[in-house]
Amino acid sequence: MDPSASSSSFAADQVARRAAVIARHLRDATGGTPYASSLLVPAACLHYSPPEASEKASFDSREMRRLMDGHDVEARDWLFRVMEESLLFCPRRRGGEKVFVAPDYNQTKEQQREATMRRIDYLLGRGVFDGWLTGRGPEAEMKRFAFFECLGIYDHSLAIKLGVHFFLWGAAIQFFGTKRHHDKWLKDTENYVVKGCFAMTELGHGSNVRGIETIATYDSNTEEFVINTPYESAQKYWIGGAAKHATHTIIFSQLHINGANQGVHAFIAQIRDADGNVCPNIRIADCGHKIGLNGVDNGRIWFDNLRVPRENLLNSVADVLPDGQYVSSIKDPDQRFAAFLAPLTSGRVNIAVNAVYISKVGLAIAVRYALTRRAFSVSPNGPEVLLLDYPSHQRRLLPLIAKTCAMSCAANFLKSLYVKRTPEAKKIIHIYSSALKATLTWHNMRTLQECREACGGQGLKTENRIGILKGEFDVQSTFEGDNNILMQQVSKALLGEYIAAQKRKKPFKGLGLEHMNDPCPVIPANLTSCTLRSITFQTDLFCLRERDLLNRFASEVSQYQNHGESKENAVNLSYQLAEELAGAFTERKILQTFMDNEMTLPAGPLKDVLGLLRSMYALICVEEDASFIRYGYLSLSNAAAVRKEVMKLCTDLRPHVLAVVSSFGIPDAFLSPIAFDWIEANSWSFLNTD
């Protein structure tokens with residue numbers, strides 16, 4: 001056969017096929033010629049049909065939601081309704097009777113800031129914040145977490161504005177202060193009599209809090225601290241609430257007494273009077289417009305001989321007596337400094353959890369759109385194919401869904417660990433909150449980007465949420481701890497555990513490292529589908545990677561030290577292994593929490609689906625991490641088997657995907673028009689309806 005003839009025939013078939021598709025789009029509903037009618041009628045292939053009509057769930061999505069949310073489901077739904085009921089949350093009708101709530105991002109930053117405060121006032125009046133600082137016990141804290149997650153789903157600016165006030169300013173008073181501070185400030189903070197902010201970050205020092213340059217000098221004659229900004233690099237920067245609304249702040253500064261620097265301490269100071277005027281000896285400037293979070297008034301602060309009473313030192317860790325004597329129950333300066341970072345832990349927990357819920361929003365929108373949007377047909381006269389019926393589209397979204405479900409379980413573990421905290425658990429909470437904050441926020445940004453692309457041009461529209469959420473949540477990767485630095489802290493902590501175990505000549509205990517005491521797992525030479533999906537294999541493989549990377553990291557650091565490098569520099573030079581180790585530790589913990597949740601379920605459809613999601617999570621982590629091949633944990637043939645199994649899992653999960661995203665518990669009003677009848681929402685008849 002003439003190859004050129006074959007090529008020409010194929011090209012002609014393609015042209016005919018495309019012409020037939022175009023003709024169908026142009027033909028009117030009665031079968032007449034193109035343009036025969038002045039009415040715009042949807043072609044059959046573009047008719048919207050709710051996915052629920054064809055996607056039948058094999059399990060109860062409400063049961064899965066209780067597992068994913070973990071707690072306070074009814075309270076969450078109440079708060080969602082509270083927001084839907086108020087015009088302050090900008091309800092807009094789009095297509096049919098669907099009403100969506102979302103901030104108006106067309107407003108100026110000044111308007112967005114005032115809108116945020118009006119929403120806070122409304123929520124305060126509805127009792128949403130009752131007990132946020134004065135409530136006690138795990139149940140009160142878990143309910144606060146649940147409410148904060150719901151508010152973040154609506155608007156990140158609202159969540160951050162509240163987070164600074166309650167979880168930074170309020171938590172600093174709780175953790176750093178003593179009874180005199182609690183009695184004076186906590187109730188007024190909860191009721192917004194005072195509006196607090198948190199002045200830690202400086203222009204020249206962010207993650208390196210120990211290096212901040214603001215100075216507080218004690219004056220024993222007046223029993224006051226005199227606070228100054230000695231250099232431009234010492235100006236407080238990115239302080240949420242400072243530019244407009246905050247009346248008080250926590251100032252972190254170096255404490256100088258009689259010429260000696262006692263390190264970083266925290267002080268309460270008023271920065272505005274009741275009329276909103278900036279107090280004397282303080283200068284405040286606006287940080288300006290940002291790529292997101294313009295509903296938060298970030299500001300810059302300078303202090304010029306600002307005097308605060310001795311009693312305003314938050315003194316649970318250290319105190320200064322009237323005569324200037326410095327006293328602390330913690331003698332080690334490093335331990336004392338670590339105690340001052342406690343409020344950041346609750347912030348990291350909130351950030352990690354909120355990142356998961358925003359991933360859920362993006363995926364719920366993208367999946368619902370992919371279940372109703374069609375593109376191309378496989379035959380000249382056939383219907384166009386649903387986006388989610390393309391294997392490539394499944395491969396884009398379904399692994400992200402599995403990861404999000406796994407991370408949802410890990411986020412619940414982190415919250416539970418935090419609310420049941422003890423003084424002895426501070427280090428463990430710091431390590432897990434650092435690891436999960438970094439991993440879950442990175443995952444969120446990747447998920448939003450993939451969902452944006454998966455929705456094509458519709459993903460660019462602000463009203464469809466996904467695109468705007470990217471800008472709103474980008475900051476999560478760097479605030480309250482730069483993700484890369486947090487992961488370095490994780491690997492350093494693991495190295496410390498390794499060195500301690502070697503010195504004590506005792507087994508590993510804690511942080512899930514007990515597997516290091518067991519014989520090294522052996523991976524089968526040939527991996528079958530059954531093996532790849534087994535809990536035993538997945539656990540062994542993740543533990544093998546973690547133990548090997550920890551051994552390699554410790555060995556490389558030791559080698560650098562043997563060649564004359566300091567321990568600090570040796571760790572820095574080993575940063576590649578440090579990054580791989582921190583990632584392996586975090587993914588192993590996420591897998592473990594997912595398995596633990598799966599094991600709580602009785603045999604049935606929900607447990608079966610969770611098993612598919614767990615296998616997808618495990619295998620996609622394997623496929624995406626080159627260390628499994630780099631260090632020989634898997635042969636090339638086994639790595640290829642993993643890749644093929646991921647595609648099989650996409651096929652197996654496809655029938656359940658609508659039920660899974662429905663279990664995320666995001667109300668329709670908090671999704672977007674493309675998650676529902678996107679044709680009607682974009683029709684001429686609804687163009688000017690609000």
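## Strands, cavities and an annotated site

In β10, Trp-302 is the bridge partner of Arg-283. That pair belongs to a predicted model, and it is a good place to start reading the fold.

**The three-stranded sheet.** Arg-283 lies in β9, which covers residues 282–286. Strand β10 spans residues 298–303. Five bridges join β9 to β10, and the two run antiparallel. Strands of a sheet pair through backbone hydrogen bonds, either parallel or antiparallel.

A third strand completes the picture. The sheet is open, and its order is β6-β10-β9. The pairing is antiparallel. Which strands stand at the edges? They are β6 (236–240) and β9 (282–286). Each has a single partner strand, so one side of each is left without a neighbour in the sheet. From one strand to the next, the twist averages 35 degrees.

**A hairpin.** Now move along the chain to β14 (residues 374–377) and β15 (residues 384–386). Three bridges join these strands, which run antiparallel. Ala-375 stands opposite Val-385 in β15. How many residues does the hairpin use to join β14 to β15? The connection has six residues.

**Cavities.** The model has four cavities of 30 Å³ or more. The table sets out two of them.

| Cavity | Volume | Top helix in the lining | Lining by class |
|---|---|---|---|
| Largest | about 90 Å³ | α6 (residues 156–176), three residues | four nonpolar, five polar, two charged residues |
| Second largest | about 60 Å³ | α4 (residues 109–125), four residues | three nonpolar, five polar, three charged residues |

Look at the linings in the structure. Around the largest cavity you will find Lys-161, Val-164 and His-165, among others. Tyr-192, Lys-195 and Gly-196 are also among its lining residues. One of them, Gly-240, is in the lining too, and residue 240 closes the range of β6 (236–240).

The second largest cavity has its own set. Its lining includes Gln-112, Ala-115, Thr-116 and Arg-119. Asp-104, Asp-155 and Gly-295 are also among the residues that line the second largest cavity.

**The annotated residue.** One position carries a label from a record. An unreviewed UniProt entry lists Glu-480 for "active site". Where does Glu-480 sit? Its place is in the loop between α12 (466–473) and α13 (483–504).

Which residues does Glu-480 touch, leaving out those up to four places away in sequence? The contacts are Leu-168, Leu-344, Gly-347, Arg-348, Ile-351, Lys-437 and Leu-486. Leu-486 falls within the range of α13 (483–504), and Leu-168 falls within the range of α6 (residues 156–176).

Definitions and conventions:
Residues numbered from 1 in each chain as written. Predicted model: local features only at pLDDT ≥ 70, side-chain atom pairs only at ≥ 80, totals over all residues. Heavy atoms only, no water. UniProt positions renumbered as here; feature names shortened; annotations may be inferred. Contact = heavy atoms within 4.5 Å. Pairing = 2+ DSSP bridges. Axes fitted to C-alpha atoms, helices over the stretch in contact; angles between N-to-C directions. 1 Å grid on protein atoms, 1.4 Å probe; cavity = no way out; pocket = protein on both sides within 12 Å on 5 of 7 lines; lining within 4 Å. Points joined across faces, edges and corners; volume = space filled by probe spheres on them. Nonpolar A, V, L, I, M, F, W, Y, C, P; charged D, E, K, R; others polar.
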